[in-house]
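Trainee: I have a structure to read. Please take me through its main features.

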Amino acid sequence: MSDRLMTRRSVLLGAVGLAGAAATGGAWLATSQDPAAGDARILASSDAVRRAEQLRLDRGTGRTVRATMTAEQAEVDLGGRVVSTWAYNGQVPGPVLRCTAGDQLQVDLRNRLPESTTVHWHGLRLRNDMDGVPQLTQSPVGTGQTMRYSFTAPDPGTYWFHPHMGLQRERGLFAPLIIDDPREAGGYDVEFVVVLDDWIDGAGATPDQVLETLRQGDAMARYSVPVQAGEIPDQSQSWQYHATQGMTNPPGGMPADSPASRLADSIDFPFYLLNGRLPTAPQSFEAKPGQRARIRLINAAGATVFRVALGGHQLTVTHTDGFPVEPITVGTLQIASGERYDLLVTLGDGVFPLVAVAEGKGAQALGLVRTASGPVPSPTAAPAELAGRLLAYTDLRATAEVRVPTRTPDATHTVYLTGDMMSFAWRINAETYNHRRPFSGITPLPIQQGQRVRLALINQTPMYHPMHVHGHSFVIRSVGEVFSDAPATAVTAGAIKDTLQVAPGERIDVDFTADNPGQWLTHCHNAYHMATGMATILSYLTP
Ligand code: C2O
Ligand code: CU
């Protein structure tokens, strides 16, 4: 079967591809939505997608996991505060979707929103036509319509999903996707899935109004509205934490009170949530003393970096973005929008605050881990672990089983993170991605199947950018400063990730193998940056 497919494809390439190559030096693989798709030189991506899927079917379990997600308007209780928002199946976060690696996931998306939507399966190396990027990999799903997403879940780990339209994920449209590993020994007794978020929808403004404010030059949009139920009276603890700990060890080594670091966080959200709950009405995770807990941490925020700690406990990091790392124990870690960390903790006896400080914002999200009765930590609890050892990307090592041999890259693409603070226009390589016409405003990054590709992510702005690559996971190769004479820190057997935060003035090099043909979005995962065009396309060319 696959031989026949390959043969047919080779024939097509022979007839059409060569002509294209002669004329243009290589044609883009295009979808039917591509404005250039009518061009006879351009090969549709369907053959490439079929081939990629065919290769993966070998690893399939033969099992299909079915689910329905209804995207709809909903009244959601954040814990004494009800907001009107958009959510999957009426819940924030949406229901946990779970399967085993190799399963076929079949999810019917029912759109009951007043506008079109899609679902993107964040972090999955799936077939391109299921990636959920409007106009690039599919037509948006209109109001009242249903679309069936169906694909093989390739790798085990902690993932999530959300729309890829406008600022829809800034409402309540996001949910965890957990892919279990049939070969994993386990090594834990209980599991906590923890989704962090910054919240504004239905509490002062819509995300679209926030973006409008930012675009009008109000670089410091503030939306602190009073919490009605269970008011948080005193945020001074977290401010103090920020002023002292943040100063000595701010994200990316920038003084916490410098103008640049203030620019690093331009939106003050009214609420910071853990599993959709305010810190005044936190979720409790129940376990027994001495049990080993696996905490699956997902940052679904639009524009917030969280610093996470569990009172009375050190955190052993075992995975990031789905892939295992050699276990490393730290006091605290930062998680940027789109990132995931899996943590292992042996639980003590009592009630412990699981704190996620919203960096630079003087507020936090909170959960409780309960193994016994005891005094309940306050909503502003600031455990000492927040000032403990902070995880760095250069600390992370992929485990031997997932490591790929170092290979000299066949191609290097420089990805300059650029933009303009005053007009709030964020770009890649000084180009603006147009979400309606993906190929119209940018120069895609060309790649060939089989290449080892390096991306040099260079941040030329005073803002943090959590950069995310679709359809592939990359290896961290080096971390350095652009405006410094110090050499970059090379990372041997670095972590395998799909999202990482690039600090102002930082350069991070990542490598991946081009083994998933298609058109793949690469973008800043700050929802407001992406909406203004901070994206580009990793574009497989015809061989
Ligand atoms: Cu969660 Cu394009 O990403
Ligand atoms: Cu950004």
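The dialogue below covers the metal site, the core and the pocket.

Mentor: This is a predicted model; local features need pLDDT of at least 70, side-chain atom pairs count only at pLDDT 80 or more, and totals for chains, interfaces and linings use all residues. Residues are numbered from 1 along each chain as written, chains are lettered from A and ligands numbered from 1 in the order written, and side-chain values use heavy atoms, without hydrogens or water.

Trainee: Which residues are the protein donors of the copper ion (ligand 2)?

Mentor: Donors are N, O and S atoms within 2.8 Å of the metal (3.2 Å for Na, K and Ca); water is not among the atoms, so sites may look incomplete. Here they are His465 (ND1), Cys524 (SG) and His529 (ND1), 2.0 to 2.1 Å from the ion. Their sequence spacing is H-x58-C-x4-H.

Trainee: Are Cys524 and His529 buried or exposed?

Mentor: Buried means under 20% relative accessible area, exposed over 50%, partly exposed in between (1.4 Å probe, protein chains only). Both Cys524 and His529 are buried.

Trainee: How many residues has the largest nonpolar core?

Mentor: A nonpolar core joins buried Ala, Val, Leu, Ile, Met, Phe, Trp, Tyr and Cys residues through side-chain atoms within 4.5 Å. The largest has 110 residues, and Trp121 and Tyr528 have the most contacts inside it. Apart from it lies another core of 18 residues, including Leu78 and Ile178.

Trainee: What classes of residue make up the lining of the largest pocket?

Mentor: Nonpolar means Ala, Val, Leu, Ile, Met, Phe, Trp, Tyr, Cys and Pro; charged means Asp, Glu, Lys and Arg; the others, Gly among them, are polar. The lining has 18 nonpolar, 11 polar and 14 charged residues.
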